[in-house]
Amino acid sequence: MSKVKVGLIQIHCGEYIEENIQKTIEKIKETVHKGAQIVCLQELFSSQYFPQTVNVENYDLAEDVDSGTLAEMGELAKKLGIVLIVPFYERAGAGIYFNSAAVFDADGECLGITRKNHIPDGPQYHEKYYFVPGNTGYPVYETAYGKIGIGICWDEWFPEVARILSLQGAEILFYPSAIGSEPDHPELSTRSSWEKAISAHGISNGVFVAATNRVGQEKDMNFYGGSFISDTLGNILASLDDEEGIIVQEIDLKEIENTRKILQFFRDRRVDTYAPLLQKEMLPTPSTVKKRTNKALLANE
């Protein structure tokens with residue numbers, strides 16, 4: 001089976017967790033009614049985006065992997081016969097919390113957990129206070145409807161994440177997100193850059209991309225939505241604007257092989273030259289040092 005229908009859910013989260021969960025369940029059923037086989041929810045779907053502020057009480061929002069919410073989602077995936085990606089705030093141990101996503105196969109089995117690797121920190125994005133950097137690496141899940149990989153929000157900006165997932169066989173990259181206004185730059189909207197940067201991963205790796213975002217005003221932040229699905233050449237197949245809604249889009253996984261026959265990025269990779277990528281700080285090359293020295297000498301003459 002090469003053709004798969006992918007579903008994304010974009011909602012505005014209110015103050016009450018149970019209402020958000022029930023609202024999401026209804027949207028899941030709606031996507032399935034329209035034929036979706038793989039459904040992805042937005043980052044931290046059950047609550048408002050709490051990292052806007054630093055508040056020790058927000059740690060109480062975290063759940064164990066065997067929590068009632070996840071058990072309910074697993075049963076729903078089994079009942080509907082879908083693959084379901086469920087982002088959640090994970091309590092992993094005493095004082096250890098992750099920003100995670102559970103993957104349920106069409107039989108309700110939890111195939112595993114992906115933990116967010118890149119943790120941002122900035123005005124109203126105080127994630128380093130709440131989340132430990134992920135330790136699950138970049139798993140790829142072989143589901144009933146295809147091989148999928150997940151990068152959670154800030155992970156989606158890093159091309160290395162998409163490359164690793166693709167090299168491990170992922171056919172669809174899912175990016176559950178929570179991104180919107182920049183409080184220290186109120187005039188700036190990153191929405192266009194967000195869409196371009198993420199859909200470009202599809203071009204570089206010859207894969208499909210599905211990014212879902214929350215939408216609407218939550219306290220002092222406005223989330224711009226813009227959820228989309230793009231193809232192996234980065235073309236936007238379906239998208240939402242700044243309103244609640246769902247996307248159901250059929251894709252043909254055969255396009256992956258066809259694209260890679262034309263754009264041979266994997267074949268032409270020069271892994272023997274990539275050692276600098278493993279350095280946190282780039283040191284100047286000898287030629288750069290020599291050029292700087294020559295400029296300094298000329299300036300003194």
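Which residues line the largest pocket? The lining consists of Pro 159, Glu 160, Arg 163, Ile 164, Leu 167, His 201, Ser 204, Asn 205, Arg 269, Tyr 274, Leu 277 and Leu 278. The model is predicted: local features need pLDDT of at least 70, side-chain atom pairs count only at pLDDT 80 or more, and totals for chains, interfaces and linings use all residues. Residues are numbered from 1 along each chain as its sequence is written, and side-chain values use heavy atoms, with hydrogens and water left out.

The pocket has a volume of about 360 Å³. A pocket is found on a 1 Å grid over the protein atoms alone, as an open set of points where a 1.4 Å probe fits, with protein on both sides within 12 Å along at least five of seven lines; lining residues have an atom within 4 Å of a point. Grid points are joined across faces, edges and corners, and the volume is the space filled by probe spheres set on the points. The lining divides into six nonpolar, three polar and three charged residues. Nonpolar covers Ala, Val, Leu, Ile, Met, Phe, Trp, Tyr, Cys and Pro; charged covers Asp, Glu, Lys and Arg; the others, Gly among them, are polar. H4 and H5 each supply at least two lining residues. The largest share, five residues, comes from H4.

The protein chain holds seven helices and 14 strands. These are DSSP runs numbered from the N terminus (helices H or I, at least four residues; strands E, at least two). The radius of gyration is 21 Å, which agrees with the value near 19 Å for a compact globule of 301 residues. It is taken over C-alpha atoms, and the globule rule is 2.2 Å times the number of residues to the power 0.38. The C-alpha atoms fill a box of roughly 75 × 50 × 40 Å along the principal axes.

One open sheet has six strands in the order S6-S7-S8-S9-S12-S13, with mixed pairing. Strands pair if DSSP finds at least two bridges between them. The edge strands are S6 (140–143) and S13 (236–239), each pairing on one side only. Neighbouring strands are turned by 20° against each other on average, direction ignored. S6 and S7 (residues 146–150) run antiparallel and are joined by four bridges. Val 140 has Gly 149 in S7 as its bridge partner. Helix H4 (residues 159–167) packs on this sheet and touches S6, S7 and S8 (172–176). Contact means heavy atoms within 4.5 Å. The direction of H4 makes about 140° with that of S8. Axes are lines fitted to C-alpha atoms, for helices over the stretch in contact, and angles run from 0 to 180 degrees between N-to-C directions. Helix H5 (residues 191–205) lies across S8, S9 (208–212), S12 (228–230) and S13, at about 35° to S12.

A second open sheet of six strands follows the order S5-S4-S3-S2-S1-S14, again with mixed pairing. Its edge strands are S5 (110–115) and S14 (245–252). The twist averages 30° from one strand to the next. S4 (residues 96–104) pairs with S5 in the antiparallel sense over five bridges. Ser 100 has Arg 115 in S5 as its bridge partner.

S10 (residues 215–218) and S11 (residues 221–224) also pair antiparallel, over four bridges. Gln 217 stands opposite Asn 222 in S11. Two residues separate the strands of this hairpin, and Lys 219 takes a positive phi near 55°.
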